[in-house]
Amino acid sequence: KRFVSIGSSLPPAVDIRIASLGICLLPFSSLQYLDKKKKSKSVVEFIMREGLKYTNKDVVIMTTLVQHVQVTFQQKKDDDDSMQLRLKAGLCLRHAREYWKTHVWVASIWLESHDETIQWKDVVVHKLQDWIVQEELEECWKMRPLVDGREMMQTLNLPKGPMIGQMLQEQIQWMFMYPKGTKEGCLDYLKSRMETLQSPYPDNNKRAAETSNHEQARKR
């Protein structure tokens, strides 16, 4: 009923086709099945690919939406940790890419269906979109690392292999948490992360301490 009542007034940036499918498929977002090779696969992916016969691009868009929309786009509270909120939102937006406003809209419907006190238009959509723009996250999927792979190999003495990709991901996460951070501060963080990852007995709690220790590094 809510979808029908507001569907005709959606802004142009919202993809009505993806949004309507997303709302219908969200209840299945946590369901998995075993394929012929006994591998766990998403039920949403199966419905899109095998049932509805959508293109691979649409399958990727939809599985991304149902995987991330509930976790990341939640109503912003005053006591939220700003770094963690920015990190979670940034990672989700990197997946959503140009469909991020569609994600926000679908999330607003999901939130309102779970909490009748939330007014989808005023509290969720406008507030969240304004916050994303204010944080300069609206095109964060185009963000480039401060340090490219070659420079990381030279500076951090990284061998060729999967560690390079992992360090690039660590760098993107650091950049989300410290948007004003510098290359020097980022390299300091990556060095400490390498020590943790290469340790034979890595302390699972050490990362939190590293983040705290690098509060000053972002200002360098």
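Leaving aside neighbours within four places in sequence, which residues is Leu 158 in contact with? In this predicted model, the partners of Leu 158 are Met 152, Met 153, Met 163, Ile 164, Met 167 and Met 194. Leu 158 also belongs to the largest nonpolar core, which has 32 residues. Within that core, Leu 158 is one of four residues that touch the most other members. The others are Ile 132, Leu 137 and Met 152. Six elements give two or more residues to this core. They are helix 5 (82–96), helix 6 (100–114), helix 7 (120–134), helix 8 (149–156), helix 9 (162–177) and helix 10 (183–198). Helix 9 gives the most, with eight residues. A second core of 19 residues is separate from the first. Its members include Ile 18, Val 44, Ile 61 and Val 66.

The overall architecture is as follows. The protein chain has eleven helices and two strands. From the N terminus on, the elements run α-α-β-β-α-α-α-α-α-α-α-α-α. Two helices thus precede the two strands, and helices follow from there on. The protein chain counts 220 residues, of which 41% are buried. Contacts between residues at least 6 apart in sequence were also examined. Of these, 64% join residues at least 24 apart. One pair of residues distant in sequence is Lys 191 and Leu 156, which lie 35 residues apart along the chain. Their C-alpha atoms are separated by 6.7 Å. Lys 191 is found in helix 10. With a relative accessibility of 40%, Lys 191 counts as partly exposed, because the partly exposed class runs between the 20% and 50% cut-offs.

The largest pocket comes next. Its space amounts to about 230 Å³. The lining is formed by Arg 86, Gln 134, Glu 135, Glu 136, Leu 137, Glu 139, Cys 140, Met 143, Met 175, Phe 176, Pro 179 and Lys 180. By class, the lining residues divide into six nonpolar, one polar and five charged. Leu 137 appears in this lining and is also among the residues that touch the most other members of the largest core.

Cysteines were then considered. A disulfide is a covalent bond between the sulfur atoms of two cysteines. The structure holds zero disulfides. Cys 92 is in no disulfide, and the nearest cysteine sulfur, that of Cys 140, is 9.2 Å away. Cys 92 has a relative accessible area of 1% and is therefore buried. Cys 186 is buried as well, with a relative accessible area of 0%. Cys 140, in turn, is part of the lining of the largest pocket.

Backbone geometry singles out two loop residues. Arg 97 is not a glycine, yet has a positive phi of about 55°. It sits in the loop between helix 5 and helix 6. At 40% relative accessibility, Arg 97 is partly exposed. Asn 157 likewise has a positive phi, near 55°, in a residue other than glycine. Asn 157 is found in the loop between helix 8 and helix 9. Its relative accessibility is 65%, so Asn 157 counts as exposed. Both loops join helices that give two or more residues to the largest core.

Note on methods:
Residues numbered from 1 in each chain as written. Predicted model: local features only at pLDDT ≥ 70, side-chain atom pairs only at ≥ 80, totals over all residues. Heavy atoms only, no water. Core = buried A, V, L, I, M, F, W, Y, C linked by side-chain atoms within 4.5 Å. Buried < 20%, exposed > 50% of the residue type's maximum accessible area, 1.4 Å probe, protein only. Helix = DSSP H or I, 4+ residues; strand = E, 2+ residues; numbered from the N terminus. Contact = heavy atoms within 4.5 Å. 1 Å grid on protein atoms, 1.4 Å probe; cavity = no way out; pocket = protein on both sides within 12 Å on 5 of 7 lines; lining within 4 Å. Points joined across faces, edges and corners; volume = space filled by probe spheres on them. Nonpolar A, V, L, I, M, F, W, Y, C, P; charged D, E, K, R; others polar. Disulfide = S-S within 2.5 Å.
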